[in-house]
Amino acid sequence: MTCSTLDLFRETKMLEKVNLLEAANQTKLFQYLKIGQLNNHALHVLQVENRTLDFHVHEQSDEMFYVLEGRFDIELDDGFVPLETGDMVIVPQGTRHRPVVKTRVKCLLMELDGTLNADNTGGSY
């Protein structure tokens, strides 16, 4: 399977400013762009449209979603968490969830490096 991940992040410890929305605008739909590393957590931006992932669980890591532009829902077993531009949510490890995206959204994801894979990204990582 091909990986549609880009890497803007360089393995240096230099201080570098990143404009999140500009970085997300560089990506194609469903393409993850790694923009940084925070300790052992990877930071990715991406654009998504008209996609509902399968329910999944991250056993080893929390997952953070920050909406840069647009809106989408995080579906849980007991309902939905609606997110709009400027909103952030942390899905605790072990929580069954899935993103439900109906219109174009640009977001920042942060999770333990190695958490994202083809099975929990709809095959696009």
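**View 1. Strand S2 (residues 32-38) runs antiparallel to S3, joined by five bridges.** Strands here are DSSP E runs of at least two residues, helices are H or I runs of at least four, and both are numbered from the N terminus; two strands pair if DSSP finds at least two bridges between them. The model is a predicted one: local features need pLDDT of at least 70, side-chain atom pairs count only at pLDDT 80 or more, and totals for chains, interfaces and linings use all residues. Residues are numbered from 1 along each chain as its sequence is written, and side-chain values use heavy atoms, with hydrogens and water left out. Zoom in on the turn and you'll find a hairpin with two residues between S2 and S3. Asn 39 sits in that turn with a positive phi of about 55 degrees. Leu 38 has His 41 of S3 as its bridge partner.

**View 2. S3 also pairs with S10, again antiparallel, over eight bridges.** His 44 is matched with Leu 109 in S10. Because seven of its eight residues are buried, S3 is largely enclosed by the rest of the structure. Buried means under 20% relative accessible area, exposed means over 50%, and partly exposed falls in between (1.4 Å probe, protein chains only).

**View 3. The largest nonpolar core has 14 residues.** A core like this is a set of buried Ala, Val, Leu, Ile, Met, Phe, Trp, Tyr and Cys residues joined through side-chain atoms within 4.5 Å. Those with the most contacts inside it are Leu 46, Phe 65, Phe 72, Ile 74, Leu 83, Val 105 and Leu 109. Strand S3 (41-48), S5, S6, strand S8 (88-91) and strand S10 (105-112) each chip in at least two residues. S10 gives the most, with three. Apart from this core lies another, of nine residues, including Leu 33, Leu 43, Val 45 and Leu 108.

**View 4. Val 105 and its contacts, leaving aside neighbours within four places in sequence.** Val 105 touches Leu 46, Gln 47, Val 48, Val 67, Glu 69, Gly 70, Arg 71 and Phe 72 (contact: heavy atoms within 4.5 Å).

**View 5. Four strands make an open antiparallel sheet in the order S4-S9-S6-S7.** S4 and strand S7 (79-84) are the edges, each pairing on one side only. Inside the sheet, four bridges tie strand S6 (residues 71-76) to the antiparallel strand S9 (residues 97-101). Asp 73 stands opposite Val 100 in S9.

**View 6. His 58 sits in the loop between strand S4 (51-52) and strand S5 (63-69).** With 5% relative accessibility, His 58 counts as buried. Its side chain makes a polar contact of 3.3 Å with the side chain of His 56. For a polar contact, read a pair of N or O atoms within 3.5 Å; within protein, one must be able to donate a hydrogen and the other to accept it, and residues adjacent in sequence count only if both atoms are side-chain atoms.

**View 7. Glu 16 lies in the loop between strand S1 (5-7) and helix H1 (20-25).** Glu 16 is partly exposed, at a relative accessible area of 46%. Its C-alpha atom is 9.4 Å from that of Gly 36, with the two residues 20 apart along the chain.
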